[in-house]
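Thank you all for coming. I would like to walk through one model this morning, going chain by chain and ending with a contact between chains.

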Amino acid sequence: MDKIVVDNLTLQYTDGTESLRGVSMAIPANAITVLFGPAGGGKSSLLRCFNRLNDLADVKTVSGRVLLDGINVLDPAMDVVALRRKVGMVFARPVVLPFSIRGNVTYGLELMGIRDARRLEEAVEQSLRLAALWDEVHQRLDDPAIALSGGQQQRLCLARSLALQPEVILLDEPTSGLDPISTGKVEAALQELKKNYTIVLVPHSVQQAGRTADFAAFLLQGELVEFGPGKDLFTHPRDQRTEDYITGRFG
Amino acid sequence: MSVSGSPAAAPASDSRRQFRATSVRRRRVQRIGFAWLSLMAVATVVPITLVVLYIVQQGGPAISWEFLSGLPSDGMRQGGILPAIVGTFYLTLGTALFSVPLGVAAAVYLAEYAQENVLTRAIRVAIINLAGIPSVVYGLFGMGLFVLFLRFGTSILSASLTLSIMTLPVIISAAEEALRAVPQAFRTVSVSLGGSRWQTIARVVLPQAVPGILTGVILGLERAAGETAPILFTGAAFFLPRLPNSPLDPTMALPYHLFVISTQVPGMPLQIQYGTALVLIVFVLGMNLTATVIRSRARARRQW
Amino acid sequence: MNGATGTPTAGGQSARPRPRRDWGEAIITRLIQLSGYSAVVFVGLIFFFLVREGLPALVDVPLRNLFGTRWYPIEGYFGVVPLLTGSLVVTVGAMAIAVPFGIGTAMFISEIAPRWAREVLKPLVELLGGLPSVVLGFLGILVLSPYLRQLLDLPTGLTALAGSLLLGGIAVPTIVSIAEDALDAVPRSYRDAALAVGATPWQTMWGVTLPAARSGVLTAVLLGMGRAVGETMAVMMVTGNAPVLAVRLASIVSPVRTMTATIAAEMGEVASGSPHYHVLFFIGMLLFVISLLVNVIASAVVFRQRSRAERVLS
């Protein structure tokens, strides 16, 4: 069953760069779908269409549809605030808000107006456990979040999104600045999370793509070149360009 | 590296000697130049420092509890300057009351809402112009609008409103800068978690900008507290038997008081003049120091 | 699959934002917007009032009088030219002092001074910039003028020179702050490149760094000049307030009167609506226009820099 269906999506920025050209794909639920490819391929742009974060950028034209559970999120009448709670995002550089660890996790809930202390505490513990961070921080939840290491901060960002009980989690090169151990922890958390969430990941290396992908999409200069189950795509790519990229002939 | 002077090595040693001579001259020029610039810097800073110290020395003996808390008598030649101190305090408060909310809101508009168009440019030009208008012209304007047209009369209200408009550009600029210094990433994160623009501003951006805004506000108020011309025709009075009762009363104020006692009161004891100047300086420089302390402490405690 | 409209309702989250929040936010947004426009409104208001009360002067007073060389209101002479020359002389004198000292000090702080000296000098200059001008005027009367009178053997120390010295002192902190920021903003690579081809630090400062920062330094000078032109109290207290035409060299050491001092000194004694009243507003108009010109030129010299705004308006 497909969670997100992209239907002939084309996107162009005001500075003339065309970021996406007629991309169509179906992203299955409860699995990790990886969008990989060389820089400028449109991976981040596509990701940001899913939660309408592209509204903040200088987009000139966008056409086509992005269906989430059958509803087009690109529709101007869409309630973007509700959408963004349903589709969470983790960015490349861990950006912790200037609050405590607890404050970071509860921020999204407080935005919704939730003030019940018990409910907030439950959310904090649940989210931090899901992000595999609870054991490391549960005794210092009131410390400033900035004091955490890079890897911990990134998992905190994950917990922050999880607190809103989303259905989809978008991750844009989440481990690009992290050491291998932290990277491993994040990848392990994602493997657990995919049982209940739909995960779309832009990896920072082909190797990470190969490790984590249940499904993979190869994007080259705004075009979707190939899409398929991870195992198949990485061992027997159908398109020559895909094979060239995976084997490192260009990057 | 020494130059061989023997004639047998003529061409090489000549050029080396020339090279050394040039660089010696250049170094001497530099030494003189550096010394001259240092002297200039010293000449800029030292005299006015001496000035402040001189006032402290001359005015210090006049400072006493009676001086600071008592009312004046004998045509100002004796007694204390409490009404002037209180007046300056009221004026500063009044200025803050009007200029801070308006200024911070305007800064929020410029930093978070405004787009790059003609209107925004017009606003920025207007701010720069407000900053450059001579203080006495503000006094004229204040008199024309608040004292006469709106019939507030010569009062704390008129003077505060006049000073507020004068202080507005300072606060707007400082606040806008403080808001822009907050990392853009915070806004993106807040929006991605479902926050609206105002929620993002109120919960993340503004609180982080508070130290910078506060510094700007204090520096702006410091200037307002020390100004005489804007209050000359809008609120300041020289000899008032009582402290002001309401915002519609005129008031004494330290800068105006100093001006009058140093130029228009015959037989004014020098010590009282210096004492008044000292109190004014302490008031103003105290604010400056507070702003500096806030600024450096905030920088150290920043969470980004 | 219905595609077009509708909001997602899965997961037990509210599909629509609570109306109350939307409504409150709309009001706040509107208030913020109006505050943003306020600066333009105020400039307009100020201009309007100055013109409303100042333009009648052109009617009340014949032009030949108004632009004549005698300022003697009691007898009906309202010539503003002596006031203009008074302001001019004092300002030019102030700039002659403030520019070299200001730029020199800025260069010193930015290029030569060791770290500890910079940490001391910068806050000190800022502190001095905060001194109320009435205090400087006060010391001008008690200390500077008698000293000048003695030194130069003059009938009185209350002269344009005293005014220029004080004004220079007032303008210098402004110039130093902004110019120093501009010099600081010049990329390190410029200096490194010059040094690498054999220039001394001295040559680099004047030949590379200063030219690179010239727009910011120019802004600094213009804004310092704006501050000097607009200064009221200090000049009123030390320039002697004699509205005589100041065009001879000797005028520098004679009393003069500036436009700003005239307004401040005489406004309290005029009847509202009288020709004298209108002429004073007219002078205010002139001052407004002059400062407008200076600021427009200064902002046309585009200078983008992080903490510029902070310095400019403090």
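**Chain A, chain B and the contact with chain C**

Let me begin with chain A, which in this predicted model contains ten helices and ten strands. Its radius of gyration is 18 Å, close to the 18 Å that the globule rule gives for 251 residues, so chain A is as compact as a globular protein of that length. If you take the box along the principal axes, the C-alpha atoms of chain A fill roughly 55 × 40 × 35 Å. Of the 251 residues in this chain, 47% count as buried, and among the contacts between residues at least 6 apart in sequence, 69% join residues at least 24 apart.

Please look now at the open sheet of four strands in chain A, whose order is E2-E1-E4-E5, with antiparallel pairing. Strand E2, residues 18-28, and strand E5, residues 71-72, stand at the edges with a single partner strand each, so one side of each is left without a neighbour in the sheet. Strand E1 of chain A, residues 2-13, is joined to E2(A) by seven bridges, and to strand E4, residues 59-68, by eight bridges, again in the antiparallel sense. Ile4(A) is a useful residue to follow here: in E2(A) its bridge partner is Ile27(A), while in E4(A) it stands opposite Leu68(A).

How many bridges pair E4(A) with E5(A)? There are two, and the pairing is antiparallel, with Leu67(A) standing opposite Asn72(A) in E5(A). These two strands form a hairpin with two residues between them, and in the turn Asp69(A) has a positive phi of about 50°.

Staying with chain A, I would like to turn to helix H6, residues 150-162. At 1.5 Å a residue, its 13 residues should span 18 Å, and the end C-alpha atoms are indeed 18 Å apart, which agrees with that expectation. Helix H6(A) is mostly covered, in that twelve of its 13 residues are buried; among them are Gly151(A), Arg155(A), Cys157(A), Arg160(A) and Leu162(A). What do the buried residues of H6(A) pack against? Their partners in chain A are strand E6 (87-90), helix H3 (101-111), helix H4 (117-130), helix H5 (134-137), strand E7 (168-172) and helix H7 (180-193).

Let us move on to chain B, whose secondary structure comes to eleven helices and two strands. Reading from the N terminus, the elements run α-α-β-β-α-α-α-α-α-α-α-α-α, so to speak of the two strands is to speak of elements that come after two helices and are followed by helices. A compact globule of 304 residues would have a radius of gyration near 19 Å, but chain B has 28 Å, and its C-alpha atoms fill a box of roughly 95 × 70 × 35 Å along the principal axes. Of the 304 residues of chain B, 49% count as buried, and residues 24 or more positions apart account for 75% of the contacts with a separation of 6 or more.

That brings us to the contact with chain C, where 73 residues of chain B are in contact with 71 residues of chain C. On the chain B side, helix H1, residues 10-59, gives the most, with 15 residues. By class, this side of chain B has 52 nonpolar, 16 polar and five charged residues.

As a single example, take Thr44(B), which lies in helix H1 of chain B. Is Thr44(B) buried or exposed? With 28 other C-beta atoms within 10 Å, where 20 or more are required, Thr44(B) is buried. Leaving aside neighbours within four places in sequence, Thr44(B) is in contact with Phe101(C), Thr105(C) and Val172(C). Thr44(B) and Arg28(B), for their part, are 16 residues apart in sequence and 24 Å apart in space, C-alpha to C-alpha.

Finally, a word on confidence. The model scores ipTM 0.90 and pTM 0.86, and chain C averages a pLDDT of 83, with 89% of the residues scoring at least 70. Over residues 1-19 of chain C, however, the pLDDT stays under 50, and the model has 39 contacts beyond four places in sequence for this stretch. Over residues 303-310 of chain C the pLDDT is also below 50, with 19 contacts beyond near neighbours in sequence. Where pLDDT is low, the predicted coordinates should not be read in detail.

Note on methods:
Residues are numbered from 1 along each chain as its sequence is written. Chains are lettered from A and ligands numbered from 1 in the order in which they are written. This is a predicted model: local features need pLDDT of at least 70, side-chain atom pairs count only at pLDDT 80 or more; totals for chains, interfaces and linings use all residues. Two residues are in contact if their C-beta atoms, placed from the backbone, lie within 7 Å. Ala, Val, Leu, Ile, Met, Phe, Trp, Tyr, Cys and Pro count as nonpolar, Asp, Glu, Lys and Arg as charged, and the others, Gly among them, as polar. Two strands pair if DSSP finds at least two bridges between them. The radius of gyration is taken over C-alpha atoms; the globule rule is 2.2 Å times the number of residues to the power 0.38. pLDDT is the predictor's confidence in each residue, from 0 to 100. The expected span of a helix is 1.5 Å times one less than its number of residues.
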